[in-house]
Amino acid sequence: MFSYCEDPSTLDGLVWLSCYLTTGKQFLFYQSFGTVLILLFITAPVALAFGFGGAIAARSRIAPLRWVGKLYIAMVRGVPDIVYFMFFVIALDQALEWLRHKWKCPDWDQPIRQGSDFIVCAQAKLPLSAAPQVWHEVYNASLAIFTFGIVFGAFAANVLFGAMRAVPRAQIETAEAYGMTPRQAFWRILVPQMWIYALPGLSNLWMILIKATPLLFLLGVEDIVYWARELGGSANPRFTDYPHGDWRLWYFLALLVFYLAFTRLSEIVLGRLTERLSHGQATLGGVKQGKAA
Amino acid sequence: MSCWETVADYAFRSLGFGERLLPRSDFTLCQQFTLIGSGLIWNVYYGALALGFGFFLAVSLAVGKAAANPLFRKPAEWFIFVFRGSPLFIQFFLAYFLFLKLKQWQPVFDPLTSAVLGALIVLFFNTAAYSGEIFHGALRSVPRGDVEAAEAYGMTGWTKFRRVIFPTMLRLGWPSYTNEAIFLFHATTLVFFSGFPAWQQKGDALYYASYFADKTFNPFIPYPIVAFYFVLLTLVLIGLFGLVNRRLNRHLPQDQRPRMRLKPQILR
């Protein structure tokens, strides 16, 4: 990057380090921080949407739908989330390929599972084996996001379900007294008021979500853990201009600091948000603010 | 081969006893149940030991964080912040590479690089930090009246802590602590996916489950088996902690005793 980096073997100390830290591979490492943040900011709304759907389903008057909702909420209790991650990534992939297989190759007569193999016709492969590398990565990433969405959606559904029940009953009764239909009362009265009750749980969930992002590595995404392992391992002088020993300790130390800073920042922002949302609410925090003013 | 023979061969495979080679083809349901159950021994080992040792460190951290003297308060605060603010997965990696460095420097540290000891230490620190925060919260909500009553009886220092503050703190923090214990057992599944090597394929429940899933390309059998085992484990845990909870609250009138719900909270 810098002009003095022409011949790294002659450099040492901080100058060498400045050259080392600006090589192309290092930039891939820096980019992967961006990847993680992007995935995080996509996953959060997806999970919230799943959670909202789950919470509504669990409150439904139609019994089978209610059971599905309750089952979805109960799903994350008792079983480690990483089991779901590893399960859903393969299961979703196979389910999609199987559906495409049914649709594209109706005259295929062999069974899908032959011994230890899962075989679908070539046109049903996802992504197609001829597709460029980018699509494979995009497909992997979207599977990972979807999986995170499902699992964290179940957490979020639990929080939102509780929050909907925490809104004082009198509020809904007032809405009914004004002649609102249940649907109107839900969207105009319940949903706007539930957020303050959901916020502590959702902030907690956001923290858990941040701390779950390194698991993307296990789902086959080239994230910061992947690059820290790649670049940190000892570099042989034969293959690189910047040989060094086993630096994985320092790379992972950098990741640790990154996560500490990120969770701390989130804590501060969420604290401010709680304060804002408490304005004019019939909660302890809101009443305290009212008295102070 | 009958199922009993499989159980005899593989029930303690995760500890290195019995058949040396893992099944390679024609996987039966019995093999999967046995091997994954065998792996569960490690999950219980990590969870139980980390929780057992972690409890004492957690209480010390809680007291330290509540101390007025910054000499005790600051280290406790930082310890809790570092271990609660970063992902366990990263902590495992970091610890493993740190232990590798230590091993190069002094061969004495060799056992630390094995999962048996190294991962246990990380889990121990991790759960101590989370439980320390829980107990710190409980310590702050010990009723003022209780402390005043203890002082009125002339109790001070250690006696006051041991006989009044500590039992109340434990009682108040216990439901959250149960929750943390469940999470800790779940977290033990990360050990063999995070740098720590599984020697001679001696792994935990999820390790064997992913082995089967990789070999058969069929996630629909091994992962539900893991899920089944963990639901059982969680139920046992809730039962045990419920017993302790009953004992901690035995002096309260019936209707004031906090109930342990079978549905634990799912957030840490």
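This text walks through one helix of chain A and then the salt bridges of chain B. The model is predicted.

Start with helix α1 of chain A, residues 13-20. Three of its residues are buried: A:Trp16, A:Cys19 and A:Tyr20. Look down the axis of α1(A): the buried residues fall within an arc of 100°, so they line one face of the helix. What lies over them? The cover of the buried residues of α1(A) includes three other helices of chain A. These are α2 (24-59), α8 (224-232) and α9 (248-277).

Now turn to charged side chains. Over all chains, the whole structure holds nine salt bridges. Several in chain B are worth following in turn.

Take helix α3 of chain B, residues 70-85. Both B:Arg73 and B:Glu77 sit in this helix. They are four residues apart, about one turn of the helix. Their side chains form a salt bridge, with 3.7 Å between the closest N and O atoms. The cut-off for a salt bridge is 4 Å, so this pair counts. How accessible are the two partners? B:Arg73 has a relative accessible area of 24% and is partly exposed. B:Glu77 is at 26% and is also partly exposed. The pair does not stand alone: B:Arg73, B:Lys74 and B:Glu77 are linked in a network of salt bridges.

Helix α6 of chain B, residues 144-152, has a pair with the same kind of spacing. B:Arg144 and B:Glu148 both lie in α6, four residues apart, about one turn of the helix. Their side chains meet in a salt bridge at 3.1 Å, N to O. Here the partners fall into two classes of exposure. B:Glu148 is partly exposed, with a relative accessible area of 40%. B:Arg144 is at 65% and counts as exposed.

The last salt bridge in this tour joins B:Lys160 to B:Glu151. The closest N and O atoms are 2.9 Å apart. Is the lysine of this pair buried or exposed? B:Lys160 is at 16% relative accessibility, and the limit for buried is under 20%, so B:Lys160 counts as buried. Its partner B:Glu151 is at 42% and counts as partly exposed.

Conventions: Residues numbered from 1 in each chain as written. Chains lettered and ligands numbered in written order. Predicted model: local features only at pLDDT ≥ 70, side-chain atom pairs only at ≥ 80, totals over all residues. Heavy atoms only, no water. Buried < 20%, exposed > 50% of the residue type's maximum accessible area, 1.4 Å probe, protein only. Helix = DSSP H or I, 4+ residues; strand = E, 2+ residues; numbered from the N terminus. Arc of directions from axis to C-beta. Contact = heavy atoms within 4.5 Å.
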